[in-house]
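Thanks for making the time this morning. Please have a look at the sequence and the fold first, and I will then take you through a few places in it.

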Amino acid sequence: MQYINKESDREAGNKITEAYLHEIWIEDEQRYPVDYNDSFKKLPNKANSYYKQMTQVLLNNQNHYCCYCMRRLTGEGDTTLEHIIPQTADDKDALYYQRDEFPMLKKNIKLSVLFSHEHNPDLAQLPHSVCYDNLVASCHGMFPTTKHGGDIETDGHSCNHPRGAKCALPLYFLEEINTIITYEINGSILANPDSPWCEEAKELIQSAQLTWETLSDIRALWYVLRDIDINQIIAEGKNEQSRMDLIQDNLYLTEYSEKRINALIAKFTKKQYWECFLLYDWFHSYHWNAA
Ligand SMILES: [Zn+2]
């Protein structure tokens, strides 16, 4: 996981929310009827909605990586906006997130349902469903899955969708995130038992389903190919035969079981799995906990 510094793009993010609020203002009633699922996605027009504008600001803020799984994102059909304090949260739910360690969630946000009903609210605290500080860019968690009979389909397995409204503290807002959540050379993801955030890290990993098998396999394969130049990986991966050679030759150098090696070769020789693998190049430069 990478540290996300919300400070750097807050001004751009808040500008979008404020422009949106300006547009939905009901003069007669002196209030803002915030509607994330409708007007935020449609105004000022569908092609360049506030939702889409916010997506680009968040992706820029996150170096174009999913906040949870580190998939590379473009914002075109591959990105969803994740609400840290869930859209459906009530006051009590929100308190779980509004801690001293996450001042942006404590100071800058008001629940949308309260904000929308308030008479002429001030904009020091923005409605949580459309507020930059409560939003992060997440992938849709779609992975190729081999069905019975060998057909390959694509299903959602990680990140925003499985998380839903489950508890998931934004540990990626902590500068030491790299020591809280780590990855092992077999591809598994771990909550560091020595971290004071260990329990919350376990919860986050579980809520976003970051232990999904294909995701673990992808991380393992990046570890295996870590010393090969990224351009060479991309070039050799283009053709099925050279892709198989690349994967096979390097996997045989590992201490993985024969069963795992064969499973990895079978998976990533397939074009769909390989293309998904390439989206996770963040792991190529990860400092593995390797012996
Ligand atoms: Zn993701």
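I will go from the two domains to their contact, then to one strand and its partner, and then to some individual residues.

Please keep in mind throughout that what you see is a predicted model. The protein chain is divided into domain 1, residues 6–139, and domain 2, residues 212–291, and the centres of these two domains, taken over C-alpha atoms, are separated by 36 Å. Five residues of domain 1 and seven residues of domain 2 take part in the contact. About 640 Å² of area is buried between domain 1 and domain 2, with 58% of that area coming from carbon and sulfur atoms.

Which three residues supply 70% of the area that domain 1 buries against domain 2? They are M70, R71 and R72, and no other three residues give more. As for charged pairs, the count between domain 1 and domain 2 is one salt bridge, and when we look at the side chains of R72 and D281 we find that they meet in a salt bridge, with 2.6 Å from N to O. Polar contacts across the interface of domain 1 and domain 2 amount to three residue pairs, both residues in each being at pLDDT 80 or more.

Staying with M70 for a moment, this residue is placed in the loop between α3 and β1, and its phi is near 70°, which is a positive value in a residue other than glycine. M70 is also buried, at a relative accessible area of 0%. The loop between α3 and β1 holds H64 as well, and H64, although not a glycine, has a positive phi of about 65°. H64, however, counts as partly exposed, with 27% relative accessibility.

Let me turn to strand β4, which covers residues 135–139. Is this strand enclosed or exposed? Five of its five residues are buried, so β4 is largely enclosed by the rest of the structure. In a regular strand, side chains alternate between the two faces of the sheet. In β4, L135, A137 and C139 point one way while V136 and S138 point the other way, and all of them are buried. The pairing of β4 with strand β1, residues 79–83, is antiparallel and runs over five bridges, and within it T80 of the partner strand stands opposite S138.

Strand β1 also brings us to a charged pair, since E82 lies in that strand and R163 lies in helix α7, so that the salt bridge between them ties together parts that are 81 residues apart in sequence. The N to O distance for R163 and E82 is 3.3 Å. Both partners are buried, R163 with a relative accessible area of 1% and E82 with a relative accessible area of 2%. Leaving out residues up to four places away in sequence, R163 touches a set of residues that includes Y68, H83, I84, Y97 and S207.

The whole structure contains 15 salt bridges by this search, and I would like to set two further ones beside the buried pair. D38 forms a salt bridge with K42, where the closest N and O atoms are 2.6 Å apart; D38 is partly exposed at a relative accessible area of 32%, and K42 is partly exposed at 44%. The side chains of K271 and E275 meet in another salt bridge, at 3.1 Å from N to O, and these two residues lie four residues apart in helix α14, about one turn of the helix. E275 counts as partly exposed, with 43% relative accessibility. In addition, E7, R10 and D133 are joined into one network by salt bridges that share partners.

Two loop positions remain. The peptide bond from L43 to P44 is cis, with omega near -10°, and P44 is placed in the loop between α2 and α3. S195, in turn, is found in the loop between β8 and α9, where it is buried with a relative accessible area of 12%. The side chain of S195 reaches the backbone nitrogen of W197 at 2.9 Å, and, apart from residues up to four places away in sequence, S195 touches T179 and I180.

Notes:
Residues numbered from 1 in each chain as written. Heavy atoms only, no water. Buried < 20%, exposed > 50% of the residue type's maximum accessible area, 1.4 Å probe, protein only. Pairing = 2+ DSSP bridges. Domains from an automatic or database assignment. Contact = heavy atoms within 4.5 Å. Buried area = accessible area lost by both parts, 1.4 Å probe. Salt bridge = Lys/Arg side-chain N within 4 Å of Asp/Glu carboxyl O. Polar contact = N/O pair within 3.5 Å; in protein donor to acceptor, adjacent residues only side chain to side chain.
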